[in-house]
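User: I would like to learn how to read the features of a structure such as this one, taking them one at a time. Please give me the general idea and then the case at hand.

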Amino acid sequence: EGGGAMAAAEGPAPGELALLGPAPGAPSCPHGPALLFVKTSQGKEEGRRFYACSACRDRKDCNFFQWEDEKVSETRLAAREEYNRNHQPSFTHRQNVDRYKNFVLLPLSKRRFCQECQQLLLPAEWETHSDHQFLCDITTAQLKSPSQLLYPLENKKTNAQYLFADRSCQFLLNLLIDLGFRRVLSVGTPRLHEMIQSKASQEEEFSVRSLLLDIDFRYSQFYTEDEFCHYNMFNHHFFGGEAARETCRKFLFEENGERVIMVTDPPFGGLVEALASSFKKLMAMWRETKKEGHDNKEMPMFWIFPYFFESRILDFFPSFNMMDYQVDYDNHALYKHGKTGRRQSPVRIFTNLTPSMIVLPEEEGYRFCTVCQRYVSSGNQHCEICNSCTSKDGRRWKHCVLCKKCVKPSWFHCNNCNCCTLQKHSCEKTDVGCFVCGKAGHKRSACPSLSCS
């Protein structure tokens, strides 16, 4: 699930990278087809285009790099293919499913899990792992909660496995049930998938089903091929090829594509453009389910992401609205509800469902605004001038007449910058001196010393 680098680029700033998208015939690394990028300055392309890993933004995690116009020799291509092959998991999904069947037949005393290899061990394999740390007596309950058995991969940009807190997970599931959804495409939300699977196995009348799409192949040890697809949400790549794609398609096609919702919680350091491109492809897959009627409709979706990405998400999905509900995570000090974390969680639900349908828990301080026709947090007061509940972070925001909008309570209007900002800030206009004379208050083109000469 989400979490991750909070300072992800909001778009190509000077000297930033711009994503040109998934290109046909792109070379592959162990994470599937690479994405095409270019360096930009002031919004203009600069320099050669290049391919880099879709999932890892840190070269230490995957150092794949190739210029777009580079001629790659046969030897290097062969070496790359060999490298990609060697970096695939040691067992296939099918083998892992068979291993699991054998594992559950073992008596408790023989059920071991290697913590170093993150792998369920069969007795014949104990010897090879003898100098590793392992957990013994793995119970059925532990097997049904793999997200708690596996250690979270907290590389911020690729996996960023900050898992939903139980409270948020339960809220999401209850909300989905109340809204009448019966199938959940869980994209990078292992804990929600786990909760659905667990309830389905315990309660006969529980009719919700989930398919987990996740880049973390460790889950293939616990779920069948109908319950889990190894998937990279940054390049819409199914590692299991056409068979896995077909599993996903079949899941979306059931009941003519009705009563299915996609819930996704990507790493916050991930590129919004890349994610949006993949999500549109999943939506297109759903749209094919019904030739008539779905043409201009979108598959219902919850995209869970920090509120400060609102404008980026709306660029790609104008039909989306941001809900006030604060999503909390278990293993993340910053994103915990209320007083347990250092501050309130900035993570929200973006959805294309009608906002008034999303009922938020009143006991947690959410209330219904009759003007906005949506639930808002208690501190989010309706602004008569903006005619909307304007707070994004749960605090009461104030209206600035000069900016013609509501701003954070800690901000003040700066006449130099001509906008609201923090009281302690460096004014753009006054702090930067003229390049010619070094004095503040004017630009180089208007420098008095130039007119003297």
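User: Where in the chain is the place of N235?

Analyst: Helices and strands are DSSP runs numbered from the N terminus, a helix being H or I over at least four residues and a strand E over at least two. In those terms, N235 sits in the loop between β12 (228-232) and β13 (237-238). This is a predicted model, in which local features need pLDDT of at least 70 and side-chain atom pairs count only at pLDDT 80 or more, whereas totals for chains, interfaces and linings use all residues. Residues are numbered from 1 along each chain as its sequence is written, and side-chain values use heavy atoms, with hydrogens and water left out.

User: Does N235 count as buried or exposed?

Analyst: A residue is called buried under 20% relative accessible area, exposed over 50%, and partly exposed in between, with a 1.4 Å probe and protein chains only. N235 counts as buried because its relative accessibility is 8%.

User: Which residues does N235 touch, leaving out those up to four places away in sequence?

Analyst: Contact means heavy atoms within 4.5 Å, and with that exclusion N235 touches H31, G32, P33, L35, S54 and S278. A polar contact is narrower: a pair of N or O atoms within 3.5 Å, where within protein one must be able to donate a hydrogen and the other to accept it, and residues adjacent in sequence count only if both atoms are side-chain atoms. By that rule, the side chains of N235 and S54 are joined at 3.1 Å, and a polar atom of the N235 side chain lies 3.3 Å from the backbone oxygen of H31.

User: What does the side chain of S54 make a polar contact with, besides the side chain of N235?

Analyst: The side chain of S54 also makes a polar contact with the side chain of N232, at 2.9 Å. S54 is found in the loop between β5 (44-52) and β6 (65-67), and S54 counts as buried because its relative accessibility is 6%.

User: How many residues are in the largest nonpolar core, and which touch the most other members?

Analyst: In soluble globular proteins, nonpolar side chains tend to be buried together. A nonpolar core is a set of buried Ala, Val, Leu, Ile, Met, Phe, Trp, Tyr and Cys residues joined through side-chain atoms within 4.5 Å. The largest one here has 84 residues, of which L185, L192, L213, F279, L282, F302 and W303 touch the most other members. Helix α8 (residues 272-287) gives the most to this core, with nine residues. Going by domain bounds from an automatic or database domain assignment, the core draws at least three residues from each of domain 1 (16-87) and domain 3 (166-378).

User: Which residues of α8 are buried?

Analyst: The buried residues of α8 include V272, L275, F279, L282, M283 and W286. Leaving aside neighbours within four places in sequence, L282 has contacts that include L185, L213, Y231, F238 and M299.

User: What should the 16 residues of α8 span?

Analyst: The expected span of a helix is 1.5 Å times one less than its number of residues. For α8 this gives 22 Å, and the end C-alpha atoms are 22 Å apart, which agrees.

User: What is the phi of E255?

Analyst: E255 has a positive phi of about 50 degrees although it is not a glycine. E255 lies in the loop between α7 (241-253) and β14 (260-264), and is partly exposed, with a relative accessible area of 42%.
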